[in-house]
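User: Hey, I've got this model open and could use a quick tour. Can you walk me through it?

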Amino acid sequence: MHIAFLTSEFPHKSINHSAGIGTSIYNICFGLLELGAKVSLIVYNQKNKEKETHYYKGLEIHIIKNKKHKYFG
């Protein structure tokens, strides 16, 4: 089974900020990995590079930069 989470926060050094929901997603991700599921995390609204992928303890993390547009960012 492959499960993906879409979030704006996660406790990782390459991600700008994290709070309660980020910690909860962290615990769920690693619990699922222990059960044998493949887990991907898509983190949006970041100040990092355009698109970046990290692998952290078996978790695949995709970081997506926040783009600024005249309307609807």
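Analyst: Sure, we'll take confidence, then the sheet, then a few side chains.

User: Before that, anything I should know about the numbering and the cut-offs?
Analyst: Residues are numbered from 1 along each chain as its sequence is written, and side-chain values use heavy atoms, with hydrogens and water left out. This is a predicted model, where local features need pLDDT of at least 70 and side-chain atom pairs count only at pLDDT 80 or more, while totals for chains, interfaces and linings use all residues.

User: What's the average pLDDT of the chain?
Analyst: The chain averages 85, and 93% of the residues score at least 70. pLDDT is the predictor's confidence in each residue, from 0 to 100.

User: And where is confidence lowest and highest?
Analyst: Lowest in strand 3, at a mean of 80, and highest in strand 1, at 94. Strands here (E, at least two residues) and helices (H or I, at least four) are DSSP runs, numbered from the N terminus. Where pLDDT is low, the predicted coordinates should not be read in detail.

User: OK, the sheet. What order are the strands in?
Analyst: The order is 1-2-4-3, in an open sheet of 4 strands with mixed pairing. The edges are strand 1 and strand 3 (51-56), each of which pairs on one side only. From one strand to the next, the twist averages 20 degrees. Two strands pair if DSSP finds at least two bridges between them.

User: Strand 1 and strand 2, parallel or antiparallel?
Analyst: Parallel, over 6 bridges, with strand 2 covering residues 38-46. Isoleucine 3 stands opposite valine 39 in strand 2.

User: What does helix 1 touch?
Analyst: Helix 1 (residues 20-34) packs on the sheet and touches strand 1, strand 2, strand 3 and strand 4 (59-65). Its direction makes about 170 degrees with that of strand 1. Contact means heavy atoms within 4.5 Å. Angles run from 0 to 180 degrees between N-to-C directions, with axes being lines fitted to C-alpha atoms, for helices over the stretch in contact.

User: How do strand 3 and strand 4 pair?
Analyst: In the antiparallel sense, over 6 bridges. Tyrosine 55 has glutamate 60 in strand 4 as its bridge partner. Strand 3 and strand 4 form a hairpin with 2 residues between them, and lysine 57 in the turn has a positive phi of about 50 degrees.

User: Switching to side chains: is threonine 7 buried or exposed?
Analyst: Threonine 7 is buried, with a relative accessible area of 5%. Buried means under 20%, exposed over 50% and partly exposed in between, using a 1.4 Å probe and protein chains only. Threonine 7 lies in strand 1 (residues 2-7) and touches Ile25, Leu41, Ile42, Val43 and Tyr44, not counting residues up to four places away in sequence.

User: How many aromatic pairs are there?
Analyst: The count comes to 3. Rings of Phe, Tyr and Trp (its six-membered ring) pair if their centres lie within 6.5 Å; planes under 30 degrees apart count as stacked, over 60 as edge-to-face and the rest as tilted. Phenylalanine 10 and tyrosine 26 make a tilted pair, 5.7 Å centre to centre with 40 degrees between the planes.

User: Why does that pair tie together separate parts?
Analyst: Because phenylalanine 10 lies in the loop between strand 1 and helix 1 while tyrosine 26 is in helix 1, parts 16 residues apart in sequence. Phenylalanine 10 is buried at 0% relative accessible area, whereas tyrosine 26 is partly exposed at 21%.

User: What about phenylalanine 30 and tyrosine 56?
Analyst: Their ring centres are 6.0 Å apart and the planes sit at 75 degrees, so that pair is edge-to-face. Phe10, Tyr26, Phe30 and Tyr56 form one aromatic cluster.
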